[in-house]
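Hi there,

Here is the structure we talked about, with my notes underneath. Have a look at it first, then read on.

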Amino acid sequence: MIHFQNVSKAYLGSKQPALQGLNFHLPVGSMTYLTGHSGAGKSTLLKLIMGMERANGGQIWFNGHDITRLSAYELPFLRRQIGMVHQDYRLLPDRSIVDNVALPLIIAGMHPKTARERALAMLDVVGLYNRAAHQPLHLSGGEQQRVDIARAVIHKPQLLLADEPTGNLDNALSFDIFSLFEEFNRMGMTVLIATHNIGLIQQKPKPCLVLEQGYLR
Ligand SMILES: Nc1ncnc2c1ncn2[C@@H]1O[C@H](COP(=O)(O)OP(=O)(O)OP(=O)(O)O)[C@@H](O)[C@H]1O
């Protein structure tokens, strides 16, 4: 699914590259952790896969296409195949939960009624069907993270990325969120989770990429 070949990234004006000479492969249907100290390059790696940052060297293959060469016009086609989960949820505070989850489908052109039906079905999967009409601020942090995940997967992406998805949650809630990622992985999505949560990685072992100052260990 994803193949990094000698990938490097240096931000303009930075003395040291954020990522250097990365080589790794994520098979279709795999679930992998990405870990490393703060500043090691985890978010940068995810942004390269999303096409939010450009590599300075090397190739990144997504299903056989080199995404380092995509034009701005082609990037939305790549992003439609990816779901992204954030640490800070990024929900729209003045919209209901169901509207937050339905929004990506409506933006993509689906009829709002159909999009809301799909969103309700997805809220059922993440255990929040009964909270559909609530606004995000009426939900706990763990519930808001479930909504963010539901929104990330509503368009059935092939690849699900998460950047510190449990950074604001306690251990029990983090465990539940990781279980939810496992569920979507069992449904066939390839999953890559950037996390500092070593305790949880030990509880739910999976292949792990470890970054150290921009290098893969
Ligand atoms: N937009 C930017 N411009 C310049 N330097 C940046 C930019 N974004 C990140 N960096 C630098 O690139 C390096 C890698 O940052 P990155 O955010 O990828 O690390 P991280 O492992 O995700 O860190 P954290 O765990 O704290 O989120 C750091 O030295 C950071 O300061």
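**Around Ala55**

Ala55 sits in the loop between helix 1 and strand 4 (57-62); helices (H or I, at least four residues) and strands (E, at least two) are DSSP runs, numbered from the N terminus. Please keep in mind that this is a predicted model, in which local features need pLDDT of at least 70, side-chain atom pairs count only at pLDDT 80 or more, and totals for chains, interfaces and linings use all residues. Residues are numbered from 1 along each chain as its sequence is written.

Ala55 is partly exposed because 19 other C-beta atoms lie within 10 Å. For that term, C-beta atoms are placed from the backbone, and a residue is buried with 20 or more others within 10 Å of its own, exposed with 12 or fewer, and partly exposed in between. Leaving aside neighbours within four places in sequence, Ala55 is in contact with Val7, Ser8, Lys9, Leu48, Ile60 and Thr68; contact means that the two C-beta atoms, placed from the backbone, lie within 7 Å. Tyr11 is 44 residues away from Ala55 in sequence, with 9.4 Å between their C-alpha atoms.

**The ligand and helix 1**

Tyr11 is also among the residues around the ligand, together with Ser14, Ala18, Gly36, Ser38, Gly39, Ala40, Gly41, Lys42, Ser43 and Thr44. A residue belongs here if its C-beta atom, placed from the backbone, lies within 6 Å of the molecule. By class, this shell has three nonpolar, seven polar and one charged residues; Ala, Val, Leu, Ile, Met, Phe, Trp, Tyr, Cys and Pro count as nonpolar, Asp, Glu, Lys and Arg as charged, and the others, Gly among them, as polar.

Which element gives the most to the shell around the ligand? That is helix 1 (residues 42-50), with three residues. Its buried residues are Lys42, Leu45, Leu46, Leu48 and Ile49. Seen down the axis of helix 1, they fall within an arc of 155° (taken from the directions from the helix axis to the C-beta atoms), so they line one face of the helix. Gly51 follows helix 1 and has a positive phi, near 75°.

**The core and helix 3**

The largest nonpolar core has 56 residues, and those with the most contacts inside it are Val101, Leu123, Ala150, Leu160, Leu161 and Phe181. Such a core is a set of buried Ala, Val, Leu, Ile, Met, Phe, Trp, Tyr and Cys residues joined through C-beta atoms within 7 Å.

Val101 is one of the buried residues of helix 3 (residues 97-107), along with Ile97, Val98, Asn100, Ala102 and Leu105. These buried residues pack against helix 4 and helix 5. Beyond four places in sequence, Val101 is in contact with Ala119, Met122, Leu123, Val147, Ala150, Arg151 and Ile154.

Ala132 is in the loop between helix 4 (112-125) and helix 5 (141-153). Not counting residues up to four places away, Ala132 touches Ser96, Ile97, Val98, Leu120 and Leu123.

**Two backbone angles to check**

Most residues other than glycine have a negative phi. Asn6, in strand 1 (residues 2-9), has a positive phi of about 55° although it is not a glycine. Lys156, in the loop between helix 5 and strand 7 (159-163), also has a positive phi of about 55°.

Best wishes
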